[in-house]
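Colleague: I'm new to reading structures. Could you walk me through a few features and show me how to read each one?

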Amino acid sequence: MPIKNAAGNIIGIIQLINKPDNMPFTQNDEHFLEAFAIFCGMGIHNTQMYEKAIKAMAKQRVTLEVLSYHAAAPLETAQKLKKQVIPSAQAFHLYDFKFHDFCLEDEDTLKACIRMFLDLDLVERFHIDYEVLCRWLLSVKKNYRQVTYHNWRHAFNVAQMMFAIITTAQFWKVLGDLECLALLVACLCHDLDHRGTNNSFQIKASSSLAQLYSTSTMEHHHFDQCIMILNSQGNHILASLSTEEYTRVIKVLEDAILSTDLAVYFRKRGNFFNLVDTQSYDWNLEEHRELLRGMLMTTCDVAAITKPWEIQRTVAELVASEFFEQGDIEKQELKITPIDMMNRDKKDLLPTMQVGFIDAICLPVYRTFADLNGKLRPLLDGVEHNRAEWQKLADERMRKEGDN
């Protein structure tokens, strides 16, 4: 017997079998089951409507929060940036894997972003209005919160690493202009409106975001914010793309941002590692290209692990501080004991945890990219050097504990 919703569409099936004593089903049985099917249809329909209402309310709360906190950048600031002289990529050291932003003012980071768009020939190739590009960059920057680590500076550094990799390894030849545009936008937008707390926290706290997205919670929100800005008045950097090009950019953009969820990385990396190990990749296949783009996003997202030791140590302490802040909230508001990584009482374990992070997440992907393209070997060298430094600190802590 079919179960139907209010519109008369079949949404399920009821089946009765094996009537006791092998008796046949009668017309009364059929009428009874039909009535029960109507009851089931009403119940399922009401449940679905309730779920939709809950999601709509959650989306409304998130939207109102975003609107109250953020706004598009004023036109005047974009016009001011438009008049600025943009230094060369060499002046900013944008091709350098050892790049850091510590000496740059905020305005310099915006100029550096413009330089990346110019040098990849994206502005001319896709007829991006220069003033619109300036305003979009300012809006993106404005939509990052002043959290300890997952802020505009992190997004900028991720974009710089993507620029350095696709130019140095010449991946732009593999990816093409359209995907390079999508990846650069994805890097700059991949942590938009980050609150300094991770996906696990959203679920534990039953936040509005967790009610909206059951998987990759924050990453879906980052993508939504990216689309919101791209569709905001005066921020249409994709306005000159054809319908086909626009659809393609949005698809690549969504895949790339969702790939920054480490759960997605762990799910996909085995296939990518196997393709590289067996040299069986074919970049003409979309499935292989999607894996490459996703792994590139992770490589750039955690690239601080490849930097010279003093830079790496400083960034690691920033990440740890943000984690500890989340742990403090979990203790005080959620009344739960945070995991060691988030627990300020376990801060002495940072070197040991860094070694574990490098072994589990970083070394495999940087080793694979070094095998894929020898020009990326310096990234692997940086990871290995920093692992040795963290291991020294971990061993030193163990010795001190032993002495005590």
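Modeller: Let's start with a side chain and a backbone oxygen. In this predicted model, a polar atom of the Thr 299 side chain lies 2.8 Å from the backbone oxygen of Met 295.

Colleague: Where does Thr 299 sit?

Modeller: Thr 299 belongs to helix 14.

Colleague: Is Thr 299 buried or exposed, and why?

Modeller: Buried, because its relative accessibility is 1%, and the cut-off for buried is under 20%.

Colleague: Which residues does Thr 299 touch, apart from its neighbours within four places in sequence?

Modeller: Those contacts are Ile 165, Val 365, Tyr 366 and Phe 369.

Colleague: Okay, now a whole helix. How many residues does helix 13 have, and what span does it reach?

Modeller: Helix 13 runs over residues 262-277, which is 16 residues. From first C-alpha to last it reaches 21 Å, close to the 22 Å expected at 1.5 Å a residue.

Colleague: Where does helix 13 bend?

Modeller: At Lys 268, by about 40°.

Colleague: And what goes on at its ends?

Modeller: At the N-terminal end of helix 13, Asp 261 acts as a cap, with a side-chain oxygen 3.0 Å from the backbone nitrogen of Ala 263. Just past helix 13, Gln 279 has a positive phi of about 50°.

Colleague: Which residues of helix 13 are buried, and what do they pack against?

Modeller: The buried ones are Val 264, Tyr 265, Arg 269, Phe 272, Phe 273, Leu 275 and Val 276. They pack against helix 12 (243-258), helix 14 (286-301) and helix 16 (350-372). You've already met helix 14, as the home of Thr 299.

Colleague: How do I describe two packed helices?

Modeller: You give the angle between their axes and the distance between the axes. Try helix 7 (residues 152-168) and helix 8 (residues 172-189): their axes come within 9 Å and cross at roughly 175°. So helix 7 is roughly antiparallel to helix 8, as angles over 145 degrees count that way. Helix 7 brings residues including Trp 152, Phe 156 and Met 162 to the contact, and helix 8 brings residues including Trp 172, Leu 175 and Leu 188.

Colleague: Last one: what about the whole protein?

Modeller: It has 17 helices and 2 strands, and its C-alpha trace spans about 85 × 65 × 50 Å along the principal axes. Of the 404 residues, 49% are buried. Take the contacts between residues at least 6 apart in sequence: 74% of them join residues at least 24 apart.

How values were computed
Residues are numbered from 1 along each chain as its sequence is written. This is a predicted model: local features need pLDDT of at least 70, side-chain atom pairs count only at pLDDT 80 or more; totals for chains, interfaces and linings use all residues. Side-chain values use heavy atoms; hydrogens and water are left out. Helices (H or I, at least four residues) and strands (E, at least two) are DSSP runs, numbered from the N terminus. The expected span of a helix is 1.5 Å times one less than its number of residues. The bend at a residue is the angle between axes fitted to the seven residues ending there and the seven starting there. Buried means under 20% relative accessible area, exposed over 50%, partly exposed in between (1.4 Å probe, protein chains only). Contact means heavy atoms within 4.5 Å. A polar contact is a pair of N or O atoms within 3.5 Å; within protein, one must be able to donate a hydrogen and the other to accept it, and residues adjacent in sequence count only if both atoms are side-chain atoms. Axes are lines fitted to C-alpha atoms, for helices over the stretch in contact, and angles run from 0 to 180 degrees between N-to-C directions. Angles under 35 degrees count as roughly parallel, over 145 as roughly antiparallel, 65 to 115 as roughly perpendicular and the rest as oblique.
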